[in-house]
Amino acid sequence: MNQLNNKYSQLIIIGSGPAGYTAAIYAARSNIDTILVTGPERGGQLIKTNEIENWPGDYDNLSGINLMNRMFNHVKKFSINIIDDIIISVNFENRPFKINGEKYQYFCQAVIIATGSSTRLLNIPAENIYMGKGVSTCAVCDGFFYKDKHVAIVGGGNTAIEETIYLSNISRIVYLIHRRNKFRADKILISRLYEKIKKNKNIVILFNTIVLDILGNNDEMKSIKIYSKENEKTKIINISGLFIAIGHTPNSIIFSKFIDIKNNYVKINYDNNSIKTQTNIPGIFAAGDVSDHIYRQAITASASGCMAAIDAEKYLNNI
Ligand code: FAD
Ligand code: NAP
């Protein structure tokens, strides 16, 4: 790689979600020479939601894009070098650590991994054929295309319930398909869903149901084949859009050669010591959803980004 493409800094933060941006604000305030690499989704997962009502202090009409733009501007206020690049591989064997992006090669003394997680898919071959042709992972981004149409959402967590409520204001019929008979989502959202069902009368819940296949003419999806675990029957339902909201997989694979990973989550808090965000390699820290299998909230991602920056500062002061 050409020498001109090399970038050097004390700290590299990989990711521009709440964890990455918060880490950058804290690193800047500690005068650490920092590069933040935004990755494929500047702003992270929250840009997919149109209403956040659990970000303390912001109780009125807070959209994901709004919150993440404000965090971006907050980081820009400091002398952080924000680079739009995607990291494709790392080498944490020697120091300085080496990080290979699509555009640049980075060298640094410390790293904060804040790569979050990506939408999980159903693992049926047709979802790749119809992705963008009826299949979507973001109701807020694509819901508009399904005005007055029949759509389905798969999942039983907060995302699936929120997307069902959102789409019921746009689409004619919304099927909510869940593999069990109990939702995992927060109680307040479940109550809201049932209120919406009473009011809009266009939501159909299919519990104990699995999506087996997506059918269409290769250019457009037309229907899905579902299986009911209750009556053990398969059925075709005609829909124009299928929204997959079945959770997320941490973006950890590029680190797995060097960093300890468990169930795809980056392992931190070694030996229960005082450096809570450190991985198995001193100088490599992780924050946010990539290392959190329990809470996975914007506020906890931000909080751990703060912790990682404080941990990184201590580490850098000691070397
Ligand atoms: P993410 O937000 O996932 O950000 C990861 C970042 O890493 C991205 O910027 C991405 O570009 C970058 N990245 C990934 N791979 C690479 C790479 N190879 N190279 C460089 N960069 C990379 N939480 C709440 O508290 N309230 C809500 O209302 C709420 N609503 C939600 C609605 C939806 C639809 C979804 C999907 C989630 C919602 N969440 C909500 C959860 C919240 O979005 C996450 O907990 C939070 O975004 C995690 O932040 P993060 O910074 O760890 O990771
Ligand atoms: P999630 O909580 O992990 O829920 C995923 C859902 O999909 C579960 O109901 C799960 O079923 C189902 N599922 C998983 N794999 C499946 C498969 N292969 N086929 C069919 N169904 C499958 O994911 P999420 O709803 O995206 O939420 C992720 C995190 O973001 C959570 O921590 C959540 O609290 C947070 N979030 C918060 C808000 C908010 O605060 N307003 C909004 C959205 C998301 P089971 O229930 O059977 O496991």
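Phe 255 is buried, at 0% relative accessibility; buried denotes under 20% relative accessible area, exposed over 50% and partly exposed in between, with a 1.4 Å probe and protein chains only. The model is predicted, so that local features need pLDDT of at least 70 and side-chain atom pairs count only at pLDDT 80 or more, while totals for chains, interfaces and linings use all residues. Side-chain values use heavy atoms, with hydrogens and water left out, and residues are numbered from 1 along each chain as its sequence is written.

**Surroundings of Phe 255 and Thr 38**

Phe 255 occupies the loop between strand E16 (248–250) and strand E17 (261–262); helices (H or I, at least four residues) and strands (E, at least two) are DSSP runs numbered from the N terminus. Leaving aside residues up to four places away in sequence, Phe 255 touches Ile 14, Val 90, Phe 92, Ile 113 and Thr 115, where contact means heavy atoms within 4.5 Å. Its C-alpha atom is separated by 10 Å from that of Ile 99, although the two residues are 156 residues apart along the chain.

Another buried loop residue is Thr 38, with a relative accessible area of 3%. Thr 38 lies between strand E2 (34–37) and H2. Its contacts, again not counting residues up to four places away in sequence, are Gly 15, Ser 16, Ile 82, Ile 83, Asp 84 and Asp 85.

**Nonpolar cores**

A nonpolar core is a set of buried Ala, Val, Leu, Ile, Met, Phe, Trp, Tyr and Cys residues joined through side-chain atoms within 4.5 Å. The largest such core has 33 residues, and those with the most contacts inside it are Leu 11, Ile 13, Tyr 21, Trp 55, Leu 67, Ile 112 and Phe 285. Two or more residues are given to this core by each of strand E1 (6–14), helix H1 (18–29), helix H2 (64–76), strand E6 (105–113) and helix H7 (298–318). A second, separate core of 22 residues includes Val 37, Ile 87, Phe 97 and Phe 255.

Within the largest core, Trp 55 is one of the residues with the most contacts. Trp 55 touches Leu 62, Leu 67, Met 71, Ala 298, Ile 299 and Ser 302, not counting residues up to four places away in sequence.

**Packing of H1 against H2**

The axes of H1 and H2 are 9 Å apart and form an angle of about 25 degrees; axes are lines fitted to C-alpha atoms, for helices over the stretch in contact, and angles run from 0 to 180 degrees between N-to-C directions. The two helices are therefore roughly parallel, a term for angles under 35 degrees. At their contact, Pro 18, Tyr 21, Ala 24 and Ile 25 in H1 meet Met 68, Met 71, Phe 72, His 74 and Val 75 in H2. The residues of this contact divide into eight nonpolar, one polar and no charged.

**Backbone features in loops**

Most residues other than glycine have a negative phi, and most peptide bonds are trans. The peptide bond from Arg 95 to Pro 96 is cis, with omega near 0 degrees, and Pro 96 lies in the loop between strand E4 (87–91) and strand E5 (97–101). Two residues that are not glycine have a positive phi:

| Residue | Phi | Relative accessibility | Loop |
|---|---|---|---|
| Asn 218 | about 80 degrees | 45%, partly exposed | between strand E12 (209–216) and strand E13 (221–228) |
| Glu 232 | about 60 degrees | 60%, exposed | between E13 and strand E14 (234–238) |

Terms used:
Chains lettered and ligands numbered in written order. Parallel < 35°, antiparallel > 145°, perpendicular 65-115°, else oblique. Nonpolar A, V, L, I, M, F, W, Y, C, P; charged D, E, K, R; others polar.
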